[in-house]
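Student: I should like to learn how individual features of a protein model are to be read. Could we work through one together?

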Amino acid sequence: MQNEVVSREQWLEARRALLAKEKEATRLRDSVNAARLALPWVKVDKDYVFETPEGRQSLADLFDGRSQLLIYHFMLGPNWDAGCPGCSFLSDHVDGALPHLNHHDVTWVAVSRASLDKIAAYKSRMGWKFPWVSSFGSDFNFDYHVSFSPEDLAKDKIFYNFTPMQPADANDELPGLSAFYRNDKGEIFHTYSSYARGPEELIGTLMILDRASKGRNEDSTMNFVRRHDEYEEAAETPSCCH
């Protein structure tokens, strides 16, 4: 289906109308960013331990000497054979940002409940370099509402994206992004979390597609996405990060 074809003058008029909306969206984004920075914080008093290539580490260790930590809750469960295609799509965009983040006092770490060996194998397959650790045996994923036990999924509701939802619409693992701050005293604060489509702006490919003639050209959210080594296989399984 092709859009209406008009004269250059008519196109310019329509484009100016869209520009006004784009400027409005930019101002709204600036306002949302300011509100995000103004959120109150919650002190993290619980001790969490993670399995890392350097051995067992605490949440404080994951900061790697910086004051800010971004944790991507990557969907790769203990019994999964491969990482979520949607989480993999987002993670394809991380390595190039790492030098900029690290030199701006921000550490990025992916966290999954899969074993460290399974994480390492999938990370190698994808060719990624960002830090990725295992939270298996820890309450971390459950406390931040991205992992759900069989008992959780047997209940009437689970809590995800700050609202109750039907377990039938969920999974044992779901995606998210959480931010933490560590002050000079060593105290750690949870400052922000975002779930479902919240971290979508981190996916640069989507932002580029939004400017293309057909946009995302999808039937449902990210249904065109495959792991980057599977496109030639034309895999039929859609993204699990709806």
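Tutor: Let us begin with a loop residue. Asn161 sits in the loop between strand S7 (158-160) and strand S8 (163-165). Please bear in mind throughout that this is a predicted model.

Student: What is the sign of phi at Asn161?

Tutor: Most residues other than glycine have a negative phi. Asn161 is not a glycine, yet its phi is positive, at about 55°. Its relative accessible area is 31%, so Asn161 is classed as partly exposed.

Student: Which residue in the loop between helix H2 (59-62) and S4 should I examine next?

Tutor: Asp64 is found in that loop. Asp64 has a positive phi of about 55° although it is not a glycine. Because its relative accessibility is 54%, and exposed means over 50%, Asp64 counts as exposed.

Student: Is His104 buried or exposed?

Tutor: The same cut-off applies: His104 has 61% relative accessibility and therefore counts as exposed. His104 belongs to the loop between helix H4 (98-102) and S5. Its C-alpha atom is separated by 9.8 Å from that of Ser67, the two residues being 37 residues apart along the chain.

Student: Let us turn to salt bridges. How many salt bridges are counted?

Tutor: A salt bridge requires a side-chain nitrogen of Lys or Arg within 4 Å of a carboxyl oxygen of Asp or Glu. By this rule there are 14 salt bridges. One of them pairs Glu22 with Arg15, with 2.9 Å between the closest N and O atoms. Glu22 is partly exposed at 35% relative accessibility, and Arg15 is partly exposed at 29%.

Student: Which parts of the chain does the pair Arg125 and Glu230 tie together?

Tutor: The side chains of Arg125 and Glu230 meet in a salt bridge at 3.0 Å, N to O. Arg125 lies in helix H5 (residues 116-126) and Glu230 in the segment after helix H8 (204-209), so the pair ties together parts that are 105 residues apart in sequence. Arg125 is partly exposed, at 38% relative accessible area, whereas Glu230 is buried, at 13%.

Student: How far apart are the closest N and O atoms of Arg216 and Asp210?

Tutor: They are 2.7 Å apart, in a salt bridge. Arg216 is buried, with a relative accessible area of 14%, while Asp210 is partly exposed, with 37%. Elsewhere, Arg125, Arg227, Asp229 and Glu230 are joined into one network by salt bridges that share partners.

Student: How should a pocket be described, and what lines the largest pocket?

Tutor: One may give its volume, its lining and the character of that lining. The largest pocket holds about 1,300 Å³ of space. Its lining comprises 37 residues, with Asn33, Arg36, Leu177, Glu201 and Leu202 nearest the centre. H1 gives the largest share of the lining, eight residues. By character, the lining divides into 21 nonpolar, eight polar and eight charged residues.

Student: How much space lies in the second largest pocket?

Tutor: The second largest pocket contains about 390 Å³. Among its lining residues are Val6, Trp11, Arg15 and Glu22. This lining consists of four nonpolar, three polar and four charged residues.

Student: Which residues form a nonpolar patch on the surface?

Tutor: Val6, Trp11 and Leu12 form that patch, with about 250 Å² of accessible area together. Trp11 is located in helix H1 (residues 8-37) and, at 43% relative accessibility, counts as partly exposed.

Key: Residues are numbered from 1 along each chain as its sequence is written. This is a predicted model: local features need pLDDT of at least 70, side-chain atom pairs count only at pLDDT 80 or more; totals for chains, interfaces and linings use all residues. Side-chain values use heavy atoms; hydrogens and water are left out. Patches are made of residues with over 30% relative accessible area and no salt bridge: like charges are joined within 9 Å, nonpolar side chains (Val, Leu, Ile, Met, Phe, Trp, Tyr) within 5 Å. Accessible areas come from the Shrake-Rupley method with a 1.4 Å probe; for residues, only the protein chains shown count as cover. Helices (H or I, at least four residues) and strands (E, at least two) are DSSP runs, numbered from the N terminus. Buried means under 20% relative accessible area, exposed over 50%, partly exposed in between (1.4 Å probe, protein chains only). On a 1 Å grid over the protein atoms alone, a cavity is a set of points where a 1.4 Å probe fits but cannot get out, and a pocket is an open set with protein on both sides within 12 Å along at least five of seven lines; lining residues have an atom within 4 Å of a point. Grid points are joined across faces, edges and corners, and a volume is the space filled by probe spheres set on the points. Ala, Val, Leu, Ile, Met, Phe, Trp, Tyr, Cys and Pro count as nonpolar, Asp, Glu, Lys and Arg as charged, and the others, Gly among them, as polar.
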